[in-house]
Every structure is written in structure tokens, then in C-alpha cells.
Amino acid sequence: MKRAIELAQLGAGSVSPNPMVGAVIVHRGKIIGEGYHQKYGEPHAEVNAINSVLFKYPLAEEILRESEIYVTLEPCAHHGKTPPCADLIIRYGIPHVITGSPDPFSLVNGKGIEKLREAGIYVTENILRRECDMMNRRFLTRIWEHRPYIILKWARTADHFFAPAGGAQKWITSPTSRMLVHRWRSEEDAVLVGKNTALTDNPGLNVRDWTGRNPKRIVIDRHLELPADLYLFDQSQETMVFNSQKTETHGTVKYLWLEDFDHYLPQMLTYQLYLMDIQSVIIEGGAKVLDLFIKAGLWDEARIFTSQQHWGEGIKSPEIRGLSADRTDSGPDTLEILINPKSKLMTELFSAAETTSI
């Protein structure tokens with residue numbers, strides 16, 4: 001199952017809004033086939049694992065009838081973009097299926113396990129479930145809470161300043177940390193910033209320092225005050241502009257009207273993104289937008305870099321209280337990851353974490 005998890009993670013950034021899934025086929029104690037869900041709309045992990053056996057072994061069908069298949073998520077039982085994986089397992093007579101997480105999606109949710117057992121297949125459930133749930137925390141959040149998985153990200157100086165005063169631009173973190181942020185962007189569906197950050201920093205919100213696909217860009221611009229020559233509007237990536245003026249599309253830029261910016265803005269934004277099948281969002285600033293989500297309690301992870309710089313003045317960093325999940329070095333910077341203590345899923349996954357404030 002550990003190997004199946006490793007395989008599943010290779011699909012990060014490519015399979016959303018589907019979950020990441022890996023599968024390993026074992027015959028008499030030896031791994032004979034592997035597969036993972038590589039891209040949304042393409043074959044699932046079980047299909048790729050079975051096909052790898054069919055390709056390698058002349059007596060593949062006989063071998064499969066004597067094998068076990070390890071799958072990180074309950075095999076699907078419905079026709080979606082691809083046929084049901086449970087049916088494929090039954091077709092090839094694999095006698096033992098070992099699963100990690102149950103699939104909470106309404107069209108599966110136990111139906112895959114039930115179909116396998118009705119066909120006489122022995123099923124072992126919940127092997128390394130915590131690790132499998134952790135890997136698919138974005139998918140589980142979307143299904144259970146009807147919103148994307150929310151990651152807050154910011155950097156601060158050693159004396160807790162977030163940005164220079166007066167709208168100037170100045171790097172806080174090291175090149176190592178900036179490269180890590182670009183890797184994170186490649187793994188999530190979207191990156192969100194506020195109007196002031198877009199105007200001051202003119203960010204591209206891409207992965208130019210990493211190999212991977214660019215995320216969707218989201219900006220909050222209530223009165224449509226941002227100039228058209230910003231990188232956000234260069235047509236290189238899908239970009240969404242939430243505003244109070246209009247709903248229009250200009251190439252890859254979509255202007256999306258929201259009725260109310262004064263009440264429950266984070267909740268309305270995240271629900272709209274859920275309806276658009278966006279499974280995860282990194283919120284990168286500015287301070288007002290981050291504070292808006294913190295005060296609403298609408299976040300799952302906070303990833304905070306602290307540099308060795310001392311500024312003595314500037315805009316103060318946001319303050320947040322959460323469960324400390326990790327603390328590590330990122331070049332000369334320190335990276336701390338906090339978990340929202342109000343998230344049932346995340347507190348279960350990080351049951352040993354201690355509460356801290358930043």
C-alpha cells in the first residue's frame with residue numbers, strides 16, 4: 001500500500017477534481033503490475049495496473065486470478081469518464097482487493113466494495129487509511145464540505161513584518177523558498193490574490209521556477225480598477241476576476257459578478273469555486289484577504305515562511321492560531337505549517353499536533 005501511495009502522488013496537479021489513486025498488483029508475494037490515475041478523464045489506476053500485467057505476461061489472465069490488488073481508494077462502481085473499475089476487477093477474477101480509503105463520492109460510497117463482495121471477491125479495507133486520506137484531503141474536503149481545500153501562504157520577516165509600508169515591493173524569502181512556492185502552485189488548482197497585491201507586486205502566479213502546469217489565477221477586484229497591462233491579464237493562463245460589475249469572458253480572462261462583497265465574501269467565493277470544480281486554492285495575499293479568510297475560519301492549512309531579515313517597520317504579518325503540523329528549514333528561511341483546529345478532517349489526520357499562534 002505504501003508503494004500504491006507513492007504511485008498515486010505522481011498524479012498531483014493532473015487529476016483534479018478526481019482523487020489521486022495508485023494501484024499495485026501482487027502475485028505470490030511479488031509485485032507484477034503497477035498503475036496510477038495520470039490525468040483527469042483518462043484511465044484509472046486499476047485499469048493501468050491491470051493493463052501493465054496484460055502487457056508483460058503471456059498468461060496474464062491466469063496470473064491475475066491468483067493475485068491481489070492494492071488500491072489507495074475504493075474502486076469506483078459507476079460509469080463516469082471511464083467504466084467502473086470494480087467491474088474490471090471482477091472481469092479478470094482478481095480474488096483479493098485491499099483498499100486504503102473508502103470513496104465518499106455519492107455514486108461510489110461503499111457501492112464498489114459491495115459489488116466486489118457480491119461477486120465473491122475478498123475485500124480488506126482501511127489499510128494505511130490515514131495516509132490515504134491525507135493524500136486526498138483536497139478531494140475529501142470538496143466532497144464533504146462543498147468547497148475547495150484552502151491553503152493560506154505568506155512570508156514574514158523575523159520581526160513579523162509582511163510587506164514594506166507605502167506599497168513598495170521587496171523580497172522577504174530566499175530563492176529556495178520561492179522555488180518551493182512555485183512547486184506548490186503546480187500541485188493546486190488555483191492561486192488567489194487581492195487587488196492590492198495584484199497592483200503592487202504585478203505577480204504572474206505561474207510556475208516559471210518549477211516544471212509543471214500553471215494554476216488558474218483568481219483575483220478579487222470589486223470595482224474593476226486593475227489596469228489591463230498587468231501580468232494577470234496576459235492571456236497565458238485561465239484567470240478569474242471576481243467583481244461587482246459584470247460577468248464576461250475575454251479570451252482566458254473571465255469576469256465573474258458577485259452580488260455582495262460586504263457579507264460572507266470568503267464563503268461565497270469558495271462556493272462559486274466549488275461549483276466550478278476547483279478542488280484546491282492557495283491564497284497568497286495580501287494581508288487583508290488573508291485576514292478575511294482567517295477571521296471567517298475558512299482555511300485548512302497555513303504555510304508561513306519566516307526569514308532572517310529585520311525591517312523594523314512595515315505592514316504587520318497576519319496573526320493565526322492553529323495546530324502545528326510541521327516546522328522545517330527552507331534554505332535560510334523557516335517554514336511552519338499550521339492546521340485549522342476547526343477542521344474535523346485535518347484535526348483527525350494531525351491528532352498529535354499542538355496548538356500554537358503565529
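Buried means under 20% relative accessible area, exposed means over 50%, and partly exposed lies in between. These words are used in the legends below, which describe close-up views of a predicted model.

**View 1. Asp229 is an exposed loop residue.** Asp229 has a relative accessibility of 66%, so it counts as exposed, given that the cut-off for this class is over 50%. The residue sits in the loop that runs between strands β9 (216-220) and β10 (239-243). Ser174 is 55 residues away from Asp229 along the chain, and 28 Å separate the C-alpha atoms of the two.

**View 2. The largest pocket has 48 lining residues.** The space in this pocket comes to about 1400 Å³. Among the lining residues, Phe162, Thr197, Asp201, Glu284 and Gly286 lie nearest the centre of the pocket. Two or more lining residues come from each of β6 (149-156), β7 (161-163), α8 (175-187), β8 (190-194), α9 (195-201) and α11 (287-295). Helix α9 gives the largest share, five residues. By type, the lining divides into 22 nonpolar, 13 polar and 13 charged residues.

**View 3. A cis peptide bond joins Gly285 to Gly286.** The omega angle of this bond is near 0°. Gly286 belongs to the loop between β13 (280-283) and α11. Gly286 also appears in View 2, as one of the residues nearest the centre of the largest pocket.

**View 4. A cis peptide bond leads from Ser16 to Pro17.** Omega is near 10° for this bond. Pro17 is in the loop between α1 (2-8) and β1 (22-27). For context, most peptide bonds are trans.

**View 5. Asn126 and Tyr264 have positive phi values.** Most residues other than glycine have a negative phi. Asn126, which is not a glycine, has a phi near 65°. Its place is the loop between β5 (122-124) and α6 (129-135). With a relative accessible area of 39%, Asn126 is partly exposed. Tyr264 is not a glycine either, and its phi is about 55°. Tyr264 lies in the loop between β12 (253-257) and α10. The relative accessible area of Tyr264 is 62%, so this residue is exposed.

**View 6. Tyr271, Leu275 and Met276 make up a nonpolar surface patch.** Together the three residues have about 280 Å² of accessible area. Leu275 is part of helix α10 (residues 265-275).

**View 7. Arg137 and Glu301 form a salt bridge between buried residues.** The N to O distance is 3.0 Å. Arg137 is in helix α7 (residues 137-145) and Glu301 is in strand β14 (residues 301-306), so the salt bridge ties together parts of the chain that are 164 residues apart in sequence. Both partners are buried. The structure holds 22 salt bridges, and the next views show others, beginning with a second one that involves helix α7.

**View 8. Arg142 and Asp277 form a salt bridge.** The closest N and O atoms of the pair are 2.5 Å apart. Arg142 is in helix α7 and Asp277 is in the loop between α10 and β13, so distant parts of the chain, 135 residues apart, are linked. Arg142 has a relative accessibility of 13% and counts as buried, because the cut-off for buried is under 20%. Asp277, with a relative accessible area of 35%, is partly exposed.

**View 9. Glu248 and Lys246 form a salt bridge.** The side chains of these residues meet at 3.4 Å, N to O. Glu248 is partly exposed, with a relative accessible area of 34%. Lys246 is partly exposed as well, with 26%.

**View 10. Arg3, Glu6 and Glu34 are joined in a network.** The links between these three residues are salt bridges.

**View 11. Thr252 is a partly exposed loop residue.** Its relative accessibility is 27%. Thr252 lies in the loop between β11 (248-250) and β12. Tyr149 is 103 residues from Thr252 along the chain, and the C-alpha atoms of the two are separated by 24 Å.

Key
Residues numbered from 1 in each chain as written. Predicted model: local features only at pLDDT ≥ 70, side-chain atom pairs only at ≥ 80, totals over all residues. Heavy atoms only, no water. 1 Å grid on protein atoms, 1.4 Å probe; cavity = no way out; pocket = protein on both sides within 12 Å on 5 of 7 lines; lining within 4 Å. Points joined across faces, edges and corners; volume = space filled by probe spheres on them. Helix = DSSP H or I, 4+ residues; strand = E, 2+ residues; numbered from the N terminus. Nonpolar A, V, L, I, M, F, W, Y, C, P; charged D, E, K, R; others polar. Buried < 20%, exposed > 50% of the residue type's maximum accessible area, 1.4 Å probe, protein only. Patch = residues over 30% accessible without salt bridge, like charges linked within 9 Å, V, L, I, M, F, W, Y side chains within 5 Å. Areas by Shrake-Rupley, 256 points an atom, 1.4 Å probe, with all protein chains shown as cover. Salt bridge = Lys/Arg side-chain N within 4 Å of Asp/Glu carboxyl O.
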